[in-house]
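Q: Please take a close look at the surroundings of one of the ligands in this model, and then set that part beside a few other places in the chain.

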Amino acid sequence: MAGVTKMQLLLFQLVLTSFVFLDSVDNVNAGITSSYLRKEYPAVDMPVDHEVFAAPKGYNAPQQVHMTQGNYDGNAVIISWVTVDEPGLSKLQYGTSDKKYKFTAQGKMTNYTFYEYKSGYIHHVLVDGLKFDTKYYYKIGNGDSAREFWFRTPPMIGPDVPYKFGIIGDLGQTFNSLSTLEHYMESGAECVLFLGDFSYADEYEYNDVGLRWDTFGRFAERSMAYQPWIWIIGNHEIDYLPYMNEVTLFKTYFQRYPTPHLASKSSSPDFYSVRRASAHIIALSSYSPFVKYTPQYIWLSEELERVDRTKTPWLFVLLHSPMYSSYKTHFMEGEGMRVVFEEWFVKHKVDVVFSGHVHAYERSHRFSNIRYNVSSGERYPAPDESAPIYITVGDGGNLEGLADTLIEPQPDYSAFREPSYGHSTLEIMNRTHALYTWHRNDEGKKVPVESFVLHNQYWKSKVQKRKLGKQNLGVLQQSASKGKKMT
Ligand SMILES: *[C@@H]1O[C@H](CO)[C@@H](O)[C@H](O)[C@H]1NC(C)=O
Ligand SMILES: *[C@@H]1O[C@H](CO)[C@@H](O)[C@H](O)[C@H]1NC(C)=O
Ligand SMILES: *[C@@H]1O[C@H](CO)[C@@H](O)[C@H](O)[C@H]1NC(C)=O
Ligand SMILES: [Fe+2]
């Protein structure tokens, strides 16, 4: 197989298994609505005594272990866990070989009440000064109850650093959530871009809200203890529940899921950015002020200027409520933010805006609606090569079930849509090429449904200028056009 690149092999495997296949998303085709129909599969939370929620054995054993990136460039992590019997120590031992922990990091403990629920002792430890591209082992807890995990730091940032991300949204804690997480963990991706709406605990009442944050933490640990999840706020993190006298916004989220916001000069954990491998990732809050003069607006305008596509060619934005969606559920809820930020996303050639919120999958064509103002008469989004692709991956599998009412006819901006559960992967190859795939949970099976080569928005034009031309995928392109209508 000399001369066959890793990407060509991957593409070939996908052709064998998938129905919709596009060689690239540059050509504007009519939108596709998948004809796949899911059989009945209940959207109910797993019972609290399900094994995925089991607490680790031992007095005061650390549980709900999770981690996120700890600084701007990825050679730090923030590791968090909960102890329930007593505060214990916010101490973490780590090193580069198994069972030999040369270093110790010290963090801090916090706890909170929610209605009459009292949280466990929540520990957060920043582990920094790490080597890039290195496997670390770590140990938390005491004596027989101590637990050991590992994680891998990303390579140092650079324009052609390959890296594989997973994308998950609206996860919850149902049997479908479990499928999504298991499928994701088979992918070999090294970091999750998590699009908000974690536990759906706010759908419970009184003390069960706190308890369901705990079950979610124990469930998600299988992935979150071993690799960073880069998270944003969803509406289920708002925590505005006046009937219980709980009105502090994002109370539980801020206690449990820290972000490295100071590293990107943000004044608030609601919005921040990180750089990882060859990507610059901007994490926004749909539920914090964002109009002109607010902190998020000012910070984003400055952060976009700090993006250096020669160091991190890939620019992704994460925000919960999609700007382009063609499902009736939550329709136009992202419109306020679109009016304020869309022009910047086009100007700065954002590659992809990933959103959740709508419990389904959808991908847009490159469209924008930035000529619109209330007096211009330019009312419709139009094809725009500088615009990002908008992808909704709100299909993690939470207890609310699927959004399955579609706007008809399918709007021009919508390229492909399917109400199913699933997750995406994005494998960056170099500064110009990345392989994107959406995987459906097909009644428990993992099925790659659509996949394409994503061309970098910034480097695409540079490469074309150098007359390198487009990659010719030959036979793959033919299978793509044959497979465009799903069977
Ligand atoms: C936090 O834990 C300490 C020690 O158990 C306890 O005294 C305090 O009341 C707790 N605070 C909250 C807000 O639950
Ligand atoms: C509104 O849009 C129209 C058409 O693009 C443009 O001519 C006009 O200047 C805009 N109005 C304002 C106040 O920017
Ligand atoms: C990136 O990888 C693709 C696929 O392997 C290749 O065709 C392309 O030339 C590479 N681009 C650069 C800038 O190396
Ligand atoms: Fe949501």
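A: A residue counts as near a ligand if its C-beta atom, placed from the backbone, lies within 6 Å of that ligand. In this predicted model, the residues that surround ligand 2 on that basis are Arg371, Asn373, Ser375, Ser376 and Glu378. Sorted by class, the shell of ligand 2 holds 3 polar and 2 charged residues, with no nonpolar residue in it.

The surroundings of ligand 1 can be read in the same manner. Around ligand 1 lie Asn111, Tyr112, Thr113 and Lys118, and by class this shell comprises 1 nonpolar, 2 polar and 1 charged residues.

Two further places in the chain may be set beside these shells. Asp98 sits in the loop that runs between β5 (91-95) and β6 (103-106), and Asp98 is classed as exposed because 10 other C-beta atoms lie within 10 Å of its own, where the cut-off for exposed is 12 or fewer. Although Asp98 and Tyr138 are 40 residues apart along the chain, their C-alpha atoms are separated by 8.2 Å.

Phe254, by contrast, belongs to a helix, namely α4, which covers residues 251-256. With 19 other C-beta atoms within 10 Å, Phe254 is partly exposed, because a residue is called buried at 20 or more. Phe254 also has a partner further along the sequence, Pro269, which is 15 residues away in sequence and 7.7 Å away in space, taken from C-alpha to C-alpha.

Key:
Residues numbered from 1 in each chain as written. Chains lettered and ligands numbered in written order. Predicted model: local features only at pLDDT ≥ 70, side-chain atom pairs only at ≥ 80, totals over all residues. Helix = DSSP H or I, 4+ residues; strand = E, 2+ residues; numbered from the N terminus. Nonpolar A, V, L, I, M, F, W, Y, C, P; charged D, E, K, R; others polar.
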